[in-house]
Amino acid sequence: MLANLPLLDITWEIEEIVEVYISNYLMPKDELGDALHLAIASFHKMDFLLTWNRKHLANANKRDHVRRINERLKLFTPELVTPLELTGV
């Protein structure tokens, strides 16, 4: 089912976004984890970032912080949602 989906590039700009997220305590200090997922989705202007991670990503308490950092970086902010939130179940 995923074979025909395009892969999104990870560019040097995305790597810099990850560093900003980590240095602003937006995401944990793991360059291959949540900060990278959010940076890819923001840079590529994804409408949604679908995740089960309610601690760091789909967390209502973090949404404003994510939005503020992305606005400062002039980035799009995807909706950070769980599959249940997206489907309305």
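Me: What volume does the largest pocket have?
Reply: In this predicted model, the largest pocket has a volume of about 290 Å³.

Me: Which residues line that largest pocket?
Reply: Its lining consists of L8, L36, H37, I40, A41, M46, F48, L49, L50 and T51.

Me: Which elements each supply at least two residues of that lining?
Reply: Those are α2 and β1, the latter covering 48–50.

Me: And where does the largest share of the lining come from?
Reply: Helix α2 provides the largest share, with four residues.

Me: By class, what is the lining of the largest pocket like?
Reply: Eight of the lining residues are nonpolar and two are polar, with no charged residues.

Me: Staying with α2, how does it sit relative to α1? At what angle do the axes cross?
Reply: Helix α1 spans residues 12–23 and helix α2 spans residues 34–43. Their axes cross at roughly 125 degrees and come within 9 Å. The pair is therefore oblique, since an angle of that kind falls outside the roughly perpendicular range of 65 to 115 degrees and is not over 145.

Me: Is the crossing of α1 and α2 left-handed or right-handed?
Reply: The crossing is right-handed.

Me: Which residues make the contact?
Reply: On the α1 side, the contact is made by E13, I14, I17, V18, Y21 and I22. From α2, the participants are A35, L36, L38, A39, I40, S42 and F43. L36 and I40 of α2 also appear in the lining of the largest pocket.

Me: How many residues of each class are in that contact?
Reply: The contact of α1 with α2 has eleven nonpolar residues, together with one polar and one charged.

Me: Changing topic to enclosed space: how many cavities of 30 Å³ or more does the structure hold?
Reply: The structure holds one cavity of 30 Å³ or more. The largest cavity has a volume of about 40 Å³.

Me: What lines the largest cavity?
Reply: The lining residues are R63, R67, T77, P78, E79 and L80. Two or more of the lining residues come from each of α3, at 60–72, and β2, at 79–81.

Me: How does the lining of the largest cavity divide by class?
Reply: Three of its residues are charged, two are nonpolar and one is polar. For the largest pocket, by contrast, the lining has no charged residues.

Conventions
Residues are numbered from 1 along each chain as its sequence is written. This is a predicted model: local features need pLDDT of at least 70, side-chain atom pairs count only at pLDDT 80 or more; totals for chains, interfaces and linings use all residues. Side-chain values use heavy atoms; hydrogens and water are left out. Axes are lines fitted to C-alpha atoms, for helices over the stretch in contact, and angles run from 0 to 180 degrees between N-to-C directions. Angles under 35 degrees count as roughly parallel, over 145 as roughly antiparallel, 65 to 115 as roughly perpendicular and the rest as oblique. A crossing is left-handed if the near helix is turned anticlockwise from the far one by less than a right angle, and right-handed if clockwise. Contact means heavy atoms within 4.5 Å. Ala, Val, Leu, Ile, Met, Phe, Trp, Tyr, Cys and Pro count as nonpolar, Asp, Glu, Lys and Arg as charged, and the others, Gly among them, as polar. On a 1 Å grid over the protein atoms alone, a cavity is a set of points where a 1.4 Å probe fits but cannot get out, and a pocket is an open set with protein on both sides within 12 Å along at least five of seven lines; lining residues have an atom within 4 Å of a point. Grid points are joined across faces, edges and corners, and a volume is the space filled by probe spheres set on the points.
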